[in-house]
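Reader: I am new to protein structures. Please take me closely through how the helices pack in this one, and point out any odd backbone spots along the way.

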Amino acid sequence: MSTALRPLVRRGRGAVSNETGRYEKQTRQIVDDGWDSLDELPRLRTEVTIERPRKIITRNASPDISFDRSINPYRGCEHGCAYCFARPTHAYMGLSPGLDFETRLFAKPDAAKLLEKELAAPGYEVRPIAIGTNTDPYQPVERQYRIMRDVLEVLSAANHPVGIVTKSALVLRDLDILAPMAEKGLVKVGLSVTSLDHKLSRLMEPRASTPAKRLEAISGLSEAGIPVSIMTAPIVPAINDNEIERLLEAGAAAGATSAGYVLLRLPLEVAPIFKEWLKENFPDRAEHVLSLMRSMRGGKDYDSAWHERQRGRGPYAWQIGRRFELAAKRLRLNERRYDMRTDLFSPPVPVGGQLKLF
């Protein structure tokens with residue numbers, strides 16, 4: 001059953017409802033008692049809970065992604081993208097992947113200390129760390145908690161390579177750290193831009209930076225000598241796939257030297273959340289969008305098969321891929337591969353630890 005809230009209550013949020021997480025024994029739903037009591041509910045506010053994990057580096061062995069380790073300074077994401085594939089992770093916390101995911105966040109203020117300890121561990125083998133692959137490290141609460149900046153300071157001091165993906169212009173705040181790292185070949189940044197249409201962008205990503213601000217961030221990073229990529233992700237058929245070429249053109253003009261794309265993914269609870277969002281905002285084409293999605297997923301809402309989950313299959317997925325490749329080639333994107341250096345790594349010395357003799 002739907003637990004949809006009135007627009008005024010969830011203004012500035014992405015999900016339409018707050019369905020109970022899949023691991024909960026009981027389900028709850030909000031019902032109007034006939035007295036318009038839902039109108040009396042206060043607007044949703046962001047709540048942040050402090051989380052104290054034992055480790056901060058997450059490992060993976062997925063054969064279709066380019067990194068084997070990542071860091072997530074936060075759980076949940078205030079940007080509120082209805083399509084976010086990380087939403088189902090909130091169910092592990094006993095919360096809803098819907099509105100809870102974007103309003104009830106978890107911050108990890110000990111991230112930098114944990115990272116320093118893990119990098120100093122005997123036998124640690126350095127490889128690039130990815131940040132922003134699950135939830136955005138530069139989401140609005142980062143202005144207050146500054147966890148991402150603390151993490152970057154540790155990585156910079158250790159000369160450790162890092163790849164960052166974000167939808168926020170807040171990344172420019174850390175140019176004083178990122179620029180010197182770039183001079184050593186230790187960093188690259190990807191800005192995700194899903195649409196140049198301000199209205200559509202606001203619908204898709206309510207609290208992310210505007211498209212213009214993200215393009216300004218690409219320009220600022222490029223001018224500072226930081227390798228920057230424009231990520232047209234996700235591509236949603238009949239919603240923003242008509243903008244592929246214009247997005248790449250805007251990114252290249254701003255200084256991006258590489259580009260990438262990901263087809264919309266709808267794992268687990270993301271499917272019903274996205275469908276609700278789609279029917280509310282695009283009722284005239286909702287069924288058409290879903291039909292095109294299923295044509296690229298073997299008739300299903302989602303196919304998690306390695307290598308196909310990012311790109312899909314079938315004629316429509318093929319033409320999206322070819323359009324992207326032709327535009328990128330015309331704009332001379334992806335001509336150079338940026339391999340970050342690992343030979344400069346110097347393990348941190350933990351408090352009370354012993355310096356290396358050589």
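Author: Start with one pair: α2 passes α4 in a right-handed crossing. A crossing is right-handed if the near helix is turned clockwise from the far one by less than a right angle, and left-handed if anticlockwise. Names like these come from DSSP runs, numbered from the N terminus: helices are H or I with at least four residues, strands are E with at least two.

Some ground rules. This is a predicted model, where local features need pLDDT of at least 70, side-chain atom pairs count only at pLDDT 80 or more, and totals for chains, interfaces and linings use all residues. Residues are numbered from 1 along each chain as its sequence is written, and side-chain values use heavy atoms, with hydrogens and water left out.

Back to the pair. Two packed helices are described by the angle between their axes and the distance between the axes. Helix α2 covers residues 111-120 and helix α4 covers residues 147-157. Their axes are 8 Å apart, at an angle of about 25 degrees. Axes are lines fitted to C-alpha atoms, for helices over the stretch in contact, and angles run from 0 to 180 degrees between N-to-C directions. That angle makes α2 roughly parallel to α4. The cut-offs: under 35 degrees is roughly parallel, over 145 roughly antiparallel, 65 to 115 roughly perpendicular, and the rest oblique.

Which residues of α2 and α4 make the contact? From α2 come Ala 111, Ala 112, Leu 115, Glu 116 and Leu 119. From α4 come Ile 147, Asp 150, Val 151, Val 154 and Leu 155. Contact means heavy atoms within 4.5 Å. By class, this contact has eight nonpolar, no polar and two charged residues. Here Ala, Val, Leu, Ile, Met, Phe, Trp, Tyr, Cys and Pro count as nonpolar, Asp, Glu, Lys and Arg as charged, and the others, Gly among them, as polar.

Next, α8 and α11. Their axes come within 9 Å and cross at roughly 30 degrees. So α8 and α11 are roughly parallel to each other. The crossing of α8 and α11 is right-handed. On the α8 side, the contact uses Ile 244, Glu 245, Leu 248 and Glu 249. On the α11 side, Ile 320, Arg 323, Phe 324, Ala 327, Ala 328 and Arg 330 take part. The classes are six nonpolar, no polar and four charged.

Look at Arg 323 in α11. Beyond its neighbours within four places in sequence, Arg 323 touches Asp 241, Asn 242, Ile 244 and Glu 245. Arg 323 and Glu 245 are 78 residues apart in sequence, but 7.5 Å apart in space, C-alpha to C-alpha. Arg 323 counts as partly exposed because its relative accessibility is 22%. Buried means under 20% relative accessible area, exposed over 50%, partly exposed in between (1.4 Å probe, protein chains only).

Now α10, residues 286-295. Its buried residues are Ala 286, Val 289, Leu 290, Leu 292 and Met 293. Seen down the axis, they fall within an arc of 160 degrees, so they line one face of α10. The arc is that of the directions from the helix axis to the C-beta atoms. The buried residues of α10 pack against α9 and α11.

Last, the backbone spots. The peptide bond from Ala 233 to Pro 234 is cis, with omega near 0 degrees. Pro 234 sits in strand β9. Ala 238, in the loop between β9 and α8, has a positive phi of about 65 degrees although it is not a glycine. Asn 159, in the loop between α4 and β7, has phi near 55 degrees. Asn 159 counts as buried, at 15% relative accessibility.
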